[in-house]
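Q: Hello! I am new to this structure and would like a close look at one part: the search for cavities, and what surrounds the result. Please take it slowly and then lead me on to a few residues elsewhere.

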Amino acid sequence: MRKTAVVTGASSGIGEATARRLAAEGYDVVAGARRRDRLGKLAAEVPSIRPVSLDVTSQESVDALAAGLERCDVLVNNAGGAFGLEQVADARLDDWQRMYDVNVLGSLRMTQALIPKLVESGDGVLVMLTSTAGHGAYEGGGGYVAAKHAQRTMAETLRLELVGQPVRIIEIAPGMVQTEGFAVTRFRGDQEAAARVYAGVPGPLTADDVADAIAWSVTRPAHVNIDRLVIRPRAQAAQHKVHRVGG
């Protein structure tokens, strides 16, 4: 029987790329996101992808997805995002709330809903898509950094709590990834400000680069766990140290 992978936030960026890549690896992929129209286009291109409307901030939505699954062998907790770049003293509480609701509580809801099926599969894999922001702090990133630290800690705790169970817990922590929406969302729709994030950077990561890392980690033999994989572009030595060229 073919294995089933569930990918959240699958309508664009890393989530979409991961859904495509896992489908290419032979999985039946359940692609969940709020933008059902985009999921429909994705499924039309890749027959082994099943689109499902999903809002990870809604327990009802998460429960409905879980109830519709016969099995789940892989869960990729990808849904997330960063909102705002204000310093802590000026941060908007609603931005922090939204980042926690999507990144942290969204991952928690999905994890709780699907752990039984992951265990039942006999070789379940749970992927927590965090960020290098979960391994260091930087000015203006307080809320996102806090949320990604929480996700990282969730993965570490799950690994301890599920030891002895047939489930692998993997953390993928990307650095600078240029996708269509991440920076634009963070800058509240300001396209020019978003473009400046990547200006002059020779070769930021792409969504496909991260999907490749996820697929490699997930397809290791059942006895091999990739605890954490940090992936950055060569031009990024650290969160705050990025090589840029030109004017």
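A: Happy to help; the cavity comes before the pocket, and some single residues follow.

This is a predicted model, in which local features need pLDDT of at least 70 and side-chain atom pairs count only at pLDDT 80 or more, while totals for chains, interfaces and linings use all residues. Residues are numbered from 1 along each chain as its sequence is written, and side-chain values use heavy atoms, with hydrogens and water left out.

Let us begin with the enclosed space. Searching the whole structure turns up one cavity of 30 Å³ or more. Here a cavity is a set of points, on a 1 Å grid over the protein atoms alone, where a 1.4 Å probe fits but cannot get out; lining residues have an atom within 4 Å of a point. The largest cavity has a volume of about 70 Å³, where volume is the space filled by probe spheres set on the points, and grid points are joined across faces, edges and corners. Its lining is made of 15 residues, and those closest to the centre are Phe83, Gly84, Glu86, Trp96 and Met99. Helices α4 (93-121) and α5 (142-161) each give at least two residues to this lining. Helices (H or I, at least four residues) and strands (E, at least two) are DSSP runs, numbered from the N terminus.

What kinds of residue form this wall? By class, the lining of the largest cavity holds six nonpolar, five polar and four charged residues. In this scheme Ala, Val, Leu, Ile, Met, Phe, Trp, Tyr, Cys and Pro count as nonpolar, Asp, Glu, Lys and Arg as charged, and the others, Gly among them, as polar.

Phe83, one of the residues closest to the cavity centre, has a charged partner: Arg98 lies over the face of its ring, at 3.9 Å from the ring centre. A charge sits over a ring if NZ of Lys or CZ of Arg is within 6 Å of the ring centre and within 35 degrees of the ring normal.

From the cavity we can move to an open space. The second largest pocket holds about 180 Å³; a pocket is an open set of points with protein on both sides within 12 Å along at least five of seven lines. Of its 13 lining residues, Thr4, Asp28, Val30, Arg50 and Arg71 are the closest to the centre. Two strands, β2 (28-33) and β3 (49-53), each give two or more residues to the lining of this pocket, and the largest share, three residues, comes from β2. The classes here are five nonpolar, three polar and five charged residues.

Asp28 and Val30 of that pocket lining are also partners of Ala5, which touches Leu22, Tyr27, Asp28, Val29, Val30 and Val74 when neighbours within four places in sequence are set aside. Contact means heavy atoms within 4.5 Å. Ala5 is in strand β1 (residues 4-8) and is buried, because its relative accessible area is 0%; buried means under 20%, exposed over 50% and partly exposed in between (1.4 Å probe, protein chains only).

Back to helix α5, which helps to line the cavity. In the loop between α5 and β6 (167-174) sits Pro166. Its relative accessibility is 30%, so Pro166 counts as partly exposed. Beyond its neighbours within four places in sequence, Pro166 is in contact with Leu118, Val119, Gly122, Asp123 and Gly124.

Leu129 belongs to strand β5 (residues 124-129). At 5% relative accessible area, Leu129 is buried. Leaving out neighbours within four places in sequence, Leu129 has contacts with several residues, including Asn77, Lys148, Ile172 and Pro174. The C-alpha atoms of Leu129 and Pro174 are 8.0 Å apart, although 45 residues separate them along the chain.

Two glutamines round off the tour. Gln236, in strand β8 (residues 236-238), counts as buried because its relative accessibility is 7%. Gln191, in helix α7 (residues 191-198), counts as exposed because its relative accessibility is 54%.
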